[in-house]
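Colleague: I am new to this structure and would like to learn how to read it feature by feature. Could you show it to me, and then take my questions in turn?

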Amino acid sequence: MFDLHGKVALVTGGNGGIGLGMARGLAQAGAHALLVGRNAEKSAAAVRQLQDEGLQASSLEADVADEAAVASLFAQVDGCHGRLDILVNNAGITIRKPPEQMALDEWKRVMETNLTSAFLCCRAAYPLMKKAGAGKIINIGSILSLFGAPYAGPYCASKGGIVQYTKSLALAWARDGIQANAVLPGWIDTELTEGARAQVAGLNERVLARTPAGRWGRPEDLAGIAVFLASAASDFVTGAAIPVDGGYAAA
Ligand code: NDP
């Protein structure tokens, strides 16, 4: 039910953090993990790590906020593999500032990286998935899809948008055999949150106190949900937004 042998899984931002955690899980279940990022060296190192573990992986460089780059990326996927079974829209950034200090360019950079990229990649993946009569889309939101944060206006807006966009995809493409779901990670220890911990005083203590599990999440905590949402086990699950947060959203 969870077997992914023969499947191709593209993970944006798959060269580190949560993306690499999910890509590893998908590859361990049998998929070929296609890691997409902008930093070729980081991607090559991540591919080597997975291959050293006996897993199937390769990488492609693209800025997923760029329409032409996304078109070229999916043309390469079609050319190399002739199929795309699983798309994980995970690439994301944040810029921490109070709303009154946020520049328009900063707002756009976050929205385009976190939300527009998902639109561009889903639209480009659709013909491949429709042709196959099946497909799995996993969009990475956040617990900040549900809660606000005073220093993260465009991040919260983009992550709230991911949930609503996922519901639209689910409705539009259900009859094509494509399921689209969102995953809402809680506080996970990655490069992104290293920055937050350095910038936001008391964040570490607040996260530990507020998270019922009593710890930060780890990238590998996201592997199980990725495999579930990528496999036949979730064929009747679509349009959902699932927290993976050590109980944060329930508290
Ligand atoms: P990281 O900063 O560790 O990883 C982000 C990844 O996105 C990098 O691999 C980066 O690769 C890639 N990326 C960024 N911009 C682009 C772009 N324009 N085109 C292609 N790739 C891009 O972050 P996390 O692993 O922490 O976050 C992953 C996702 O999870 C994000 O969407 C984030 O919002 C979400 N999330 C994270 C949480 C956490 O606590 N860590 C909590 C909730 C959600 P490269 O540098 O090579 O471009």
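Colleague: Which atom of the ligand is 2.5 Å from an N or O atom in the side chain of Thr190?

Modeller: The general idea is that a pair of N or O atoms within 3.5 Å is read as a polar contact. In this predicted model, the ligand atom paired with the side chain of Thr190 is an oxygen, and the two atoms are 2.5 Å apart. Tyr155 also places a polar side-chain atom 2.5 Å from an oxygen atom of the ligand, while a nitrogen atom of the ligand is 2.9 Å from an N or O atom in the side chain of Asp63. As for cover, the ligand on its own has 880 Å² of accessible area, and the protein covers 94% of it.

Colleague: How many residues surround the ligand, and which are the closest?

Modeller: The surrounding residues number 29, and the closest of them are Asn15, Arg38, Asn90, Tyr155 and Thr190. The space that the ligand takes up is the largest pocket. Three elements give two or more residues to the shell around the ligand, namely helix H1 (17–28), helix H5 (153–173) and helix H6 (191–199).

Colleague: Which element gives the most to the shell around the ligand?

Modeller: That is H6, which gives three residues. The same helix lets us look at a contact inside the protein, since Thr193 has its place in helix H6, and a polar atom of the Thr193 side chain lies 3.0 Å from the backbone nitrogen of Thr190.

Colleague: Is Thr193 buried or exposed?

Modeller: For burial, the general idea is that a residue under 20% relative accessible area is called buried. Thr193 has a relative accessibility of 8%, and therefore counts as buried.

Colleague: Where is Ala9 placed, and how should I read its accessibility?

Modeller: Ala9 has its place in strand S1, which covers residues 8–12, and because its relative accessible area is 0%, Ala9 is buried. Sequence distance and distance in space can then be read side by side: Ala9 and Ala91 are 82 residues apart in sequence, and their C-alpha atoms are 14 Å apart.

Colleague: And where is the place of Leu222?

Modeller: Leu222 is found in the loop between helix H7 (203–210) and helix H8 (223–230), and at 0% relative accessibility it counts as buried. Its C-alpha atom is separated by 9.7 Å from that of Leu184, although the two residues are 38 apart along the chain.

Colleague: What about the two helices on either side of that loop; how do Leu208 and Phe228 count in terms of accessibility?

Modeller: Values from 20% to 50% are read as partly exposed. Leu208, which lies in helix H7, is partly exposed with a relative accessible area of 34%, and Phe228, whose place is in helix H8, counts as partly exposed at 27%. Each can also be paired with a residue elsewhere in the chain: Leu208 and Trp187 are 21 residues apart in sequence and 9.2 Å apart from C-alpha to C-alpha, whereas Phe228 and Leu26 are 202 residues apart along the chain, with their C-alpha atoms separated by 9.3 Å.

Colleague: How many disulfides does a search of the whole structure find?

Modeller: The search finds zero disulfides. The cut-off to keep in mind is that two cysteine sulfur atoms must be within 2.5 Å.

Colleague: Why does Cys122 have no bond to the closest cysteine sulfur?

Modeller: The closest cysteine sulfur belongs to Cys121, and because it is 7.1 Å from the sulfur of Cys122, it is too far for a bond. As for surroundings, Cys122 is buried, with a relative accessible area of 0%, and Cys156 counts as buried at 16% relative accessibility.

Notes
Residues are numbered from 1 along each chain as its sequence is written. This is a predicted model: local features need pLDDT of at least 70, side-chain atom pairs count only at pLDDT 80 or more; totals for chains, interfaces and linings use all residues. Side-chain values use heavy atoms; hydrogens and water are left out. Buried means under 20% relative accessible area, exposed over 50%, partly exposed in between (1.4 Å probe, protein chains only). A residue is near a molecule or strand if one of its heavy atoms lies within 4 Å of it. A polar contact is a pair of N or O atoms within 3.5 Å; within protein, one must be able to donate a hydrogen and the other to accept it, and residues adjacent in sequence count only if both atoms are side-chain atoms. Accessible areas come from the Shrake-Rupley method with a 1.4 Å probe; for residues, only the protein chains shown count as cover. On a 1 Å grid over the protein atoms alone, a cavity is a set of points where a 1.4 Å probe fits but cannot get out, and a pocket is an open set with protein on both sides within 12 Å along at least five of seven lines; lining residues have an atom within 4 Å of a point. A molecule sits in a cavity or pocket if more than half of its atoms lie within 2 Å of its grid points. Helices (H or I, at least four residues) and strands (E, at least two) are DSSP runs, numbered from the N terminus.
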